[in-house]
Amino acid sequence: MPLTLYNTLTRAKAPFVPVRPPVVGVYLCGPTVYSEAHLGNARGPVVFDVLTRYLRYLGHTVRYVRNITDVGHLESDADTGEDKLEKAARAQRLEPMQVAQHYANRYRAHMAQLGCLPPDIEPQASGHITEQIGMVEEIIANGLAYAVNGSVYFDVPKYDAEHDKAGRYGKLSNRSIEDQLAGTRDTLAGQDEKRSPLDFALWKKAAPEHIMRWPSPWSDGFPGWHLECSAMSRKYLGAEFDIHGGGLDLMFPHHECEIAQSQGSHSHTDEARVWMHNNMITVGGAKMSKSTGNFITLTNLFAGPTGGLSQAYSPMVVRFFLLQAHYRSPVDVSDDALQAARKGYRKLMNGLRLLPKLEAPAATAVEGAPADTTAGDAELTKLTTDLWVGLDDDLNTARSIAALFNLLRKFNALATTPAARAAVSDAALAAAATAYRALVTDVLGLRDEPRANAEELLALTLGFYSEAKADKAYDKVDVIRAALKDQGIVIKDTKAGVEWAYSED
């Protein structure tokens, strides 16, 4: 079964065919780094980490680009308000780039904790001003943008008039321009520069107090937020590439504007062949969002308790929680859901620990007469094949995880019933074990996490040492001393009690 993906642009699933095989270009809209990342910010990176892992597992050469937004993201999608970076910098009495660097580093560390492989390229908007200015010049030359008072705006009505229904502005989000205008007739107040309320900024003239500014043919200013992804995706993936992803909230206006910009420049393409959008994370049924204050930061989630949750949850449990649902379905955060995810995650890890025992050669059912493995092998092969059916069907991780548990139940039966183990061949079991490992670790990106707290274990061990010494059980005392010394720890008996130190030998 070929990999099929749901394309937001066509509202249909179709077999995935690369633009320039064997290379696959993937672009994911990354964070605006003005504050701590929350759980909702993690869903897209986790989903697209699995996508890129699976594409590589299938033999494709993937170029994965995930951007960092560090300029131009104003508080309102209507091109008004402060730049989010500058606002955060003023509140913290820092330079905007200090804020951007700090939160970009935090974001990368959190993604690594969640098991996300780093992107192949991670461009920052502020490092690609030249490319963005060049794209604005192209759009102006094509008559689809206009400059006024040092700012430049994309002319949405003119662009729309030049395209048939299939190519008009709003096609990604399935909105007509008439409906958009009807909903924005009163939004031009204070925006007299725009010819239409649908027009969006390609370049903004910086106010005197605005710190982040660059020279351009129109003014000292900064690029519009939507422009960076069009310019950087084209630079690193070409005018047309394979897959563009992001959260459902980016479909309009961000991704809609990207398509218009790419069409309006010299590329004349929709930028990406396939547009994929992951759904939202909710808390109590309401979208997780920084603007509403309804969010749980990853830092607090990993440390816990926080946000109505009674305890901390580890990064791998959070990753498994996110992958339990299909990426196009919403996910609601709760203690019950996360605790169920922890239980499921640990089952899969126990399955990994079980595999070496299973892979030992089976004993024959009767001395010298091997058991018939035809039926057992057929069942095991079917369970193994089922692992990939979900992923091939629009990256349905929920279905593949369910298939993992089906295979794990079979593994447990084989481990506890010698006759059942003898009824499957070593080759079939080896293939099943290899597939289980590959899906869990290589594709889903789940890894075993240390359960124990080293300091608590050491304190517990020293307690056992003190008890053994008080009971004059010197053989136990010697065993504990030797075991800790093997770990580079020496025990010191002092007047104040038992202490420890690192061995200096």
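# Close-up views of cavities, salt bridges and a surface patch

**View 1. The largest cavity encloses about 90 Å³ of space.** The model is predicted. Its structure holds two cavities of 30 Å³ or more. In the largest one, 13 residues form the lining. Closest to the centre are G72, L74, S76, D79 and W225. Two elements, β7 and β8 (221-223), give two or more residues each to this lining. By class, the lining has five nonpolar, five polar and three charged residues.

**View 2. The second largest cavity has a volume of about 50 Å³.** Its lining consists of R43, V47, L322, L323, A325, Y327, L395 and T397. Helix α1 (39-57) supplies at least two of these residues, and so does α10 (315-323). Six of the lining residues are nonpolar, one is polar and one is charged.

**View 3. E82 and R90 form a salt bridge through their side chains.** The distance from N to O is 2.5 Å. E82 is partly exposed, with a relative accessible area of 30%. R90 counts as exposed because its relative accessibility is 53%, and the cut-off for that class is over 50%. A search of the whole structure finds 22 salt bridges. Views 4 and 5 show others.

**View 4. A salt bridge joins the side chains of D155 and R195.** Here the N to O distance is 3.6 Å. The pair links distant parts of the chain, 40 residues apart. D155 sits in the loop between β6 (151-154) and α5 (156-161). R195 sits in the loop between α6 (177-182) and β7 (200-205). Which partner is buried, and which is exposed? D155 counts as buried, at 10% relative accessibility. R195 counts as exposed, at 59%. The classes follow from the cut-offs: buried means under 20%, exposed over 50%.

**View 5. D249 and K287 meet in a salt bridge.** Their side chains lie 3.5 Å apart, N to O. D249 lies in the loop between β9 (241-247) and α8 (251-264), and K287 lies in strand β12 (residues 286-287), so the pair ties together parts that are 38 residues apart in sequence. D249 is partly exposed, with a relative accessible area of 38%. K287 also counts as partly exposed, at 38% relative accessibility.

**View 6. D49, R53 and R319 belong to one salt-bridge network.** The network arises from salt bridges that share partners. The helices that contain these positions also appear in View 2: α1 spans 39-57 and α10 spans 315-323.

**View 7. L457, L460 and F464 form a nonpolar patch on the surface.** Together, the three residues have about 290 Å² of accessible area. L457 is found in helix α16 (residues 454-470). At 44% relative accessibility, L457 counts as partly exposed.

How values were computed: Residues are numbered from 1 along each chain as its sequence is written. This is a predicted model: local features need pLDDT of at least 70, side-chain atom pairs count only at pLDDT 80 or more; totals for chains, interfaces and linings use all residues. Side-chain values use heavy atoms; hydrogens and water are left out. A salt bridge is a side-chain nitrogen of Lys or Arg within 4 Å of a carboxyl oxygen of Asp or Glu. Buried means under 20% relative accessible area, exposed over 50%, partly exposed in between (1.4 Å probe, protein chains only). Helices (H or I, at least four residues) and strands (E, at least two) are DSSP runs, numbered from the N terminus. On a 1 Å grid over the protein atoms alone, a cavity is a set of points where a 1.4 Å probe fits but cannot get out, and a pocket is an open set with protein on both sides within 12 Å along at least five of seven lines; lining residues have an atom within 4 Å of a point. Grid points are joined across faces, edges and corners, and a volume is the space filled by probe spheres set on the points. Ala, Val, Leu, Ile, Met, Phe, Trp, Tyr, Cys and Pro count as nonpolar, Asp, Glu, Lys and Arg as charged, and the others, Gly among them, as polar. Patches are made of residues with over 30% relative accessible area and no salt bridge: like charges are joined within 9 Å, nonpolar side chains (Val, Leu, Ile, Met, Phe, Trp, Tyr) within 5 Å. Accessible areas come from the Shrake-Rupley method with a 1.4 Å probe; for residues, only the protein chains shown count as cover.
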